[in-house]
Amino acid sequence: MVLVNETHGTFVYRALARLAVRSSPDVTDASVWSSGRCVEDGALVAVECIQPSRAVGSKNGPFLRLSNGGGWLFEKKHGEVMMRREAVQTGLWAFRVNNDDGLALRAYPTTSMEAYLDGR
């Protein structure tokens, strides 16, 4: 079900603090994944849906659904900004790898070893 005020697309956000990923658009501890998955301070994440808080006058939200289906984050919690939307430039880009060891594929943009997709 799509809410009237939801915004869909591809957006990039930067975490301004270490945040636990939620299973639903909520800031309470009850919605934290039991796996303890977190987004680290400074990490970039791709978001596919921005959902405003359902509570009128709430200082929480909007809520951000991760593009990889991994859960939800929030832009503000109790009025404090936790995620900042980054400007994105679209286009076709060519990159040359200048490293004899090559590159390792990651699940999202980070230097963290936890994001490697090849099981390292």
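**Entry 1, a buried asparagine.** I started at asparagine 60, which turns out to be buried, with a relative accessible area of 16%. The cut-off I use for buried is under 20%, so asparagine 60 passes. Worth noting before I go on: this is a predicted model.

Where does asparagine 60 lie? I found it in the loop between strand S4 (44-51) and strand S5 (63-66). Next I checked what its side chain reaches, and that is the backbone nitrogen of histidine 78, at 2.6 Å. Then I pulled its contacts, leaving aside neighbours within four places in sequence: Val27, Ser53, Lys76, Lys77 and His78. So His78 turns up in the contact list as well as at the end of that 2.6 Å pair.

**Entry 2, the whole chain.** I stepped back to count elements and got zero helices and nine strands. Read from the N terminus, the run is β-β-β-β-β-β-β-β-β. The protein has 120 residues, and 27% of them count as buried. I also looked up the accessible surface, which comes to about 8300 Å², with 51% of it belonging to carbon and sulfur atoms. For contacts between residues at least 6 apart in sequence, I noted that 51% join residues at least 24 apart.

**Entry 3, the sheet.** Which strands form the open sheet, and in what order? I read off five, in the order S6-S5-S4-S1-S9, with antiparallel pairing. S6 and strand S9 (83-86) stand at the edges; each has a single partner strand, so one side of each is left without a neighbour in the sheet. Ignoring direction, neighbouring strands here are turned by 50° against each other on average.

I zoomed in on one pairing. S1 and S4 are antiparallel partners over six bridges. For a sample bridge I picked valine 12, whose partner in S4 is alanine 46.

**Entry 4, the core.** I then went after the largest nonpolar core, and it has 19 residues. Which of them have the most contacts inside it? My list reads Tyr13, Val39, Val45, Val47, Leu73 and Met83. The elements that give two or more residues to this core are strand S1 (7-15), S4, S5 and strand S6 (72-74). I recognised those four from the sheet order.

From that list I followed up leucine 73. Beyond its neighbours within four places in sequence, leucine 73 is in contact with Leu19, Ala20, Val21, Val39, Val45, Pro62, Phe63, Leu64, Leu66 and Met83. Val39, Val45 and Met83 were already in my notes as core residues.

Key. Residues are numbered from 1 along each chain as its sequence is written. This is a predicted model: local features need pLDDT of at least 70, side-chain atom pairs count only at pLDDT 80 or more; totals for chains, interfaces and linings use all residues. Side-chain values use heavy atoms; hydrogens and water are left out. Buried means under 20% relative accessible area, exposed over 50%, partly exposed in between (1.4 Å probe, protein chains only). Contact means heavy atoms within 4.5 Å. Accessible areas come from the Shrake-Rupley method with a 1.4 Å probe; for residues, only the protein chains shown count as cover. A polar contact is a pair of N or O atoms within 3.5 Å; within protein, one must be able to donate a hydrogen and the other to accept it, and residues adjacent in sequence count only if both atoms are side-chain atoms. A nonpolar core is a set of buried Ala, Val, Leu, Ile, Met, Phe, Trp, Tyr and Cys residues joined through side-chain atoms within 4.5 Å. Two strands pair if DSSP finds at least two bridges between them. Axes are lines fitted to C-alpha atoms, for helices over the stretch in contact, and angles run from 0 to 180 degrees between N-to-C directions.
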